[in-house]
Amino acid sequence: REACMNPPVPPIAAKLLHTGKVNLLYDQLFVKQEGIGARTPWHNDLPYWPLTGTQILTVWLALDPITPDNGALEIIRGSHKWGRRYRPFDSDDDGQVTKLFHADGVEFDELPDFEDERRRHHIMRWDMQPGDAIVFHALSVHGATGQARPDMRRRGFAIRFTGDDVCYRTGPVWNQRLVSERLTHGAPLDSTQFPVVYRSSGYTALH
């Protein structure tokens, strides 16, 4: 709660998003236990969420030492500028796609086989120590390596923040946990579900 709601993280998000207001979208813990965990398939996040706008980022914080052998995060450099919204999916414990999301009136780009295309892209990956963080855009294509270390657990804590241009979107959505019963289509996210966690002095709302 401290990391999500109070400085220094929300002001950093505001600076990176070039916004005077930051909402907390949600937080999430990713765990790959010792020696267990397939590769996390390539994807981008925004298509999973009931949002419009582009000022959306993830702060991904390492809670354990992270290496390519135990689940390092990988990001395709510049992919957030492609404007692609790849079709959401479910995957199994082996990292295989098991179900694609289809909904009437909602269009997605079909997901290429980025693993097969690795040489065509600039893929960034970092060794991390507890407390290190990576920040990336909600349209950045990313995944994670598999967990092959029997002696190392891998935990990553993700905090999702939005800026002033982001509004709620009604209609079919993959992540049902983010559906709001109170917000209407096009409304700012400001609510108990998506609280404002940073507001600059002299801030004037865009909406």
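**Exercise 1. Find which backbone oxygen lies 2.9 Å from a polar atom of the side chain of Arg169, and work out how this residue is placed.**

*Solution.*
Step 1. In this predicted model, the backbone oxygen belongs to Trp49, and it sits 2.9 Å from a polar atom of the Arg169 side chain.
Step 2. Now place the arginine: Arg169 is in the loop between β12 and β13.
Step 3. Look for a charged partner. Arg169 is buried but has no salt bridge. The nearest side chain of opposite charge is that of Glu107, 12 Å away.
Step 4. List the surroundings. With neighbours within four places in sequence set aside, Arg169 touches Trp49, Pro50, Leu51, Thr52 and His185.

**Exercise 2. Starting from Leu51, a contact of Arg169, describe the largest nonpolar core.**

*Solution.*
Step 1. The largest nonpolar core has 16 residues. Those with the most contacts inside it are Leu25, Leu46, Trp49, Leu51, Ile56 and Leu189.
Step 2. Take Leu51 and skip its neighbours within four places in sequence: its contacts are Leu25, Leu46, Ile56, Thr162, Val166, Cys167, Arg169 and Leu189.
Step 3. Another core lies apart from this one; it has 13 residues, including Val9, Ala13, Leu24 and Ile159.
Step 4. A general point helps here: in soluble globular proteins, nonpolar side chains tend to be buried together.

**Exercise 3. Which residues of helix α2 are buried, and how are they arranged around the helix axis?**

*Solution.*
Step 1. Helix α2 covers residues 9-17, and its buried residues are Val9, Pro10, Ala13, Ala14 and Leu17.
Step 2. Look down the axis of α2: these buried residues fall within an arc of 140 degrees, so they line one face of the helix.
Step 3. The spacing makes sense, because an α-helix has 3.6 residues a turn and residues three or four places apart point the same way.
Step 4. Next, ask what lies over that face. The cover of the buried residues of α2 includes α1 (2-5), β1 (21-32), β4 (56-62), β11 (154-162) and β13 (196-199).

**Exercise 4. Inspect the backbone on either side of α2, at Pro8 and at His18.**

*Solution.*
Step 1. Pro8 is in the loop between α1 and α2. The peptide bond leading from Pro7 to Pro8 is cis, with omega near 15 degrees.
Step 2. His18 is in the loop between α2 and β1. Its phi is positive, about 55 degrees, although His18 is not a glycine.
Step 3. Set this against the general rule: most residues other than glycine have a negative phi, and most peptide bonds are trans.
Step 4. Finally, check the surroundings of the histidine: His18 is exposed, with a relative accessible area of 71%.

**Exercise 5. How many salt bridges does the structure hold, and which parts of the chain do the pairs Lys21 with Asp190 and Arg160 with Asp45 link?**

*Solution.*
Step 1. The total is 12 salt bridges.
Step 2. In the pair of Lys21 and Asp190, the closest N and O atoms are 2.8 Å apart. Lys21 belongs to strand β1 and Asp190 to the loop between β12 (167-168) and β13, so this pair ties together parts 169 residues apart in sequence.
Step 3. Compare the burial of the two partners. Lys21 has 2% relative accessibility and so counts as buried, whereas Asp190, at 36%, counts as partly exposed.
Step 4. Turn to Arg160 and Asp45, whose side chains meet in a salt bridge of 3.2 Å, N to O. Arg160 is in strand β11 and Asp45 in the loop between β2 (40-43) and β3 (51-52), 115 residues apart. Both partners are buried.

**Exercise 6. Describe the surroundings of Arg149, found in the loop between β10 and β11.**

*Solution.*
Step 1. Arg149 forms a salt bridge with Asp151, with 2.9 Å between the closest N and O atoms.
Step 2. Arg149 is partly exposed at 24% relative accessibility, while Asp151 is exposed at 51%. The cut-off for exposed is over 50%.
Step 3. Look further along the chain: Arg149 and Glu34 are 115 residues apart in sequence, yet their C-alpha atoms are 5.9 Å apart.
Step 4. Leaving out neighbours within four places in sequence, the contacts of Arg149 are Glu34, Gly35, Thr67, Asp69 and Asn70.

Note on methods
Residues are numbered from 1 along each chain as its sequence is written. This is a predicted model: local features need pLDDT of at least 70, side-chain atom pairs count only at pLDDT 80 or more; totals for chains, interfaces and linings use all residues. Side-chain values use heavy atoms; hydrogens and water are left out. Buried means under 20% relative accessible area, exposed over 50%, partly exposed in between (1.4 Å probe, protein chains only). Helices (H or I, at least four residues) and strands (E, at least two) are DSSP runs, numbered from the N terminus. The arc is that of the directions from the helix axis to the C-beta atoms. Contact means heavy atoms within 4.5 Å. A salt bridge is a side-chain nitrogen of Lys or Arg within 4 Å of a carboxyl oxygen of Asp or Glu. Lys and Arg count as positive and Asp and Glu as negative; His and the chain ends are not counted. A polar contact is a pair of N or O atoms within 3.5 Å; within protein, one must be able to donate a hydrogen and the other to accept it, and residues adjacent in sequence count only if both atoms are side-chain atoms. A nonpolar core is a set of buried Ala, Val, Leu, Ile, Met, Phe, Trp, Tyr and Cys residues joined through side-chain atoms within 4.5 Å.
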